[in-house]
Amino acid sequence: VCWMKVFCLQPAGHCSFTGLCFSPLQQSELNSFLWTIKRDPPSYFFGTIHVPYTRVWDFIPENSKKAFQHSHIVYFELDLTDPYTISALTSCQLLPQGENLQDVLPRDIYRRLKRHLEYVKLMMPSWMTPDQRGKGLYADYLFNAIAGNWERKRPVWVMLMVNSLTEVDIKSRGVPVLDLYLAQEAERLRKQTGAVEKVEEQCHPLNGLNFSQVIFALNQTLLQQESLRAGSLQTPYTTEDLIEHYNCGDLNSIIFSHDTSQVPNFINATLPPNERITAQEIDSYFRQELIYKRNERMGKRVKDLLEEYPDKSFFFAFGAGTC
């Protein structure tokens, strides 16, 4: 869905030697994640990031904010303000009726998973920030909101859940992520909104991994979390890295591809050859399903919308890493 990048005032990479960006007063010197579709009136693509909007909003250049303000119609990947969307996403993650995770997982992995979730539940009160507590967001409520129904979830969704139950991610809960904030703003401004994807199109590819691949992915995720707990592993790409690259206007393909699919990268040099093949198969599958096929499908729908409404200015807010 990458068309033509514009409003590129300076090359990317205007970061100080500390790795931090300049103050928001100098953000006009940075790249914006804004593309234009040259027509009259113009339409726009804006690359979002799945982190609390407060972490990035001051670093988003004014041209992007003005494009959002002036557009007639705002489109997202999914309609995040529609209760059906949330309900359908929840349903898609569940095992068939009557099945529980304990029934489908190998016993050892199930025990390790249970142990890890007990650890997370124990640690969550110490991970919460005073600001979160001030807003009435408490650890027990948050744990139940994220993991309360974990025994009914499909293993692939449990893997993604475990991957997001980290101290950094917990500290950021309670503030809308950037795309949700834009959806709420569009609603507040009474703009027409829509979505280019159906829930099933985002959900089914994840459910399409075969069982042995899912077990491998869950095992690798648990191994990573267990190593982090033991202090013997440093994650290669953290949420902080993602935010820093975004705020610096640096579209690093490796980092952003992980944000897009929300799927951890299992390929590493320490894996034995047969496991490395499995990791590469998973990576290739998700790249095909969640990047290439999605881009083609979304691009076609964008084109159809632009042709159907030639006199309207659109603002398409999609994950920056889908490009």
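Which residues does T48 touch, not counting residues up to four places away in sequence? T48 touches L178, D179, L182, Y246, A317, F318, G319 and A320, where contact means heavy atoms within 4.5 Å. This is a predicted model, in which local features need pLDDT of at least 70 and side-chain atom pairs count only at pLDDT 80 or more, while totals for chains, interfaces and linings use all residues. Residues are numbered from 1 along each chain as its sequence is written, and side-chain values use heavy atoms, with hydrogens and water left out.

**Overall make-up**
- The protein has 14 helices and six strands; these are DSSP runs numbered from the N terminus, with helices being H or I over at least four residues and strands being E over at least two.
- Of its 323 residues, 46% count as buried, meaning under 20% relative accessible area, against over 50% for exposed and in between for partly exposed (1.4 Å probe, protein chains only).
- About 16500 Å² of the protein is exposed, and carbon and sulfur atoms supply 52% of that area; accessible areas come from the Shrake-Rupley method with a 1.4 Å probe, and for residues only the protein chains shown count as cover.
- Taking contacts between residues at least 6 apart in sequence, 79% join residues at least 24 apart.

**Strands β2 and β3**
- In strand β2 (residues 34-37), L34 and T36 point one way and W35 and I37 the other way, and all are buried.
- Strand β3 (residues 43-48) pairs with β2 in the antiparallel sense over four bridges; two strands pair if DSSP finds at least two bridges between them.
- T36 stands opposite Y44 in β3.
- Five residues form the hairpin connection from β2 to β3.
- P41 is in the loop between β2 and β3, and the peptide bond from D40 to P41 is cis, with omega near 0°.
- T48 belongs to strand β3 and counts as buried because its relative accessibility is 3%.

**Helix α12**
- Helix α12 (residues 239-247) has L242, I243, H245, Y246 and N247 as its buried residues.
- Y246 is also one of the residues that T48 touches.
- G249, just after α12, takes a positive phi of about 70°.

**The loop with R190**
- R190 lies in the loop between α9 (178-188) and β5 (192-195).
- R190 has a positive phi of about 60° although it is not a glycine.
- Most residues other than glycine have a negative phi, and most peptide bonds are trans.
- R190 counts as exposed because its relative accessible area is 77%.
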